[in-house]
Amino acid sequence: MVVFAILLLLVGAAGHTVLTILTSPTIEERAHEEAVRRAALIGHALVHGNAVDAAALGQDAARNDRVDVVRVDGTDRRRSPGVRLLLRVHVEMSQPGMAGLTRTKLSVCFRQTIDEERGDFSRLEVPCPPPADPTPTPTPVPR
């Protein structure tokens, strides 16, 4: 009877461990959640900040660590349709795993609209545009 109870306890502990591993979010899911959290914090700071024109809003967003301002459209948050920013949020994470340390790098883009008149402060996850090529290909000169 005691042996059966010990065996049942071991099987239960192993089953609990396996279920915990299978149901826990992956490192990629956790990195995505962190990117969404950072974008929400940045958006909140921009909406409640003092910056009014598009250039100042873009500079405020670019001050955040691991955030690239890809594009700023519009001129002033007081005028409809306001200012639209395209932000690229970078997240790097690592976690210990069975085979050593697991690392991930993730970039997620968000379109943030800031418009005081209509109260539109929407943030939407959008596909990231391809990065600009830092070394442009030279155009051949015709002879």
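**Legends to the close-up views**

**View A. C128 is partly exposed, with a relative accessible area of 33%.** The model shown here and in the other views is predicted. C128 is joined to C109 by a disulfide, with an S to S distance of 2.1 Å. The two cysteines connect distant parts of the chain, 19 residues apart: C109 belongs to strand β3, whereas C128 lies in the segment after β4. In contrast to C128, C109 is buried, at a relative accessible area of 0%. The torsion about the S-S bond of C109 and C128 is about 115 degrees, and the disulfide is therefore right-handed. The structure holds one disulfide. A bond of this kind is covalent and is formed between the sulfur atoms of two cysteines.

**View B. Four strands form an open sheet in the order β1-β2-β3-β4.** The pairing in this sheet is antiparallel. Its edge strands, β1 (67-73) and β4 (123-126), each pair on one side only. From one strand to the next, the twist averages 30 degrees. In the chain as a whole there are three helices and four strands, and from the N terminus on the elements follow the pattern α-α-α-β-β-β-β.

**View C. Strands β1 and β2 run antiparallel and are joined by six bridges.** Strand β2 comprises residues 83-97. Two facing positions may be located in this view: D73 stands opposite R84 of β2, and V69 stands opposite L87 of β2.

**View D. Strands β2 and β3 form a hairpin.** Two residues lie between these strands. Their antiparallel pairing extends over 15 bridges. Within this pairing, V91 has L106 of β3 as its bridge partner.

**View E. Helix α3 lies across β1, β2 and β3.** The helix comprises residues 54-62, and strand β3 comprises residues 100-114. Relative to β1, helix α3 runs at about 165 degrees.

**View F. In helix α2, E34 forms salt bridges with R37 and R38.** Side chains of opposite charge can pair when their charged atoms come close. The N to O distance is 2.7 Å for E34 and R37, and the closest N and O atoms of E34 and R38 are 3.2 Å apart. Helix α2 comprises residues 27-47, and within this helix E34 and R37 are three residues apart, about one turn of the helix. E34 and R38 are four residues apart, likewise described as about one turn. E34 counts as buried because its relative accessible area, 18%, falls under 20%. R37 is partly exposed at 42% relative accessibility, and R38 is partly exposed at 24%.

**View G. A salt bridge links E92 to R66.** The closest N and O atoms of this pair are 3.3 Å apart. E92 lies in strand β2 and R66 in the loop between α3 and β1, so the salt bridge ties together parts of the chain that are 26 residues apart in sequence. Both residues are partly exposed: E92 has a relative accessibility of 45%, and R66 has one of 38%. For reference to View F, E34, R37 and R38 are joined into one network by salt bridges that share partners. The total count is five salt bridges.

**View H. The whole chain provides the context for the close-ups.** Of its 143 residues, 24% are buried. The accessible surface comes to about 10200 Å², and carbon and sulfur atoms account for 60% of this area. Among contacts with a separation of 6 or more, 48% are between residues 24 or more positions apart.

Notes. Residues are numbered from 1 along each chain as its sequence is written. This is a predicted model: local features need pLDDT of at least 70, side-chain atom pairs count only at pLDDT 80 or more; totals for chains, interfaces and linings use all residues. Side-chain values use heavy atoms; hydrogens and water are left out. Two strands pair if DSSP finds at least two bridges between them. Axes are lines fitted to C-alpha atoms, for helices over the stretch in contact, and angles run from 0 to 180 degrees between N-to-C directions. Contact means heavy atoms within 4.5 Å. Buried means under 20% relative accessible area, exposed over 50%, partly exposed in between (1.4 Å probe, protein chains only). Accessible areas come from the Shrake-Rupley method with a 1.4 Å probe; for residues, only the protein chains shown count as cover. A disulfide is a pair of cysteine sulfur atoms within 2.5 Å. A salt bridge is a side-chain nitrogen of Lys or Arg within 4 Å of a carboxyl oxygen of Asp or Glu.
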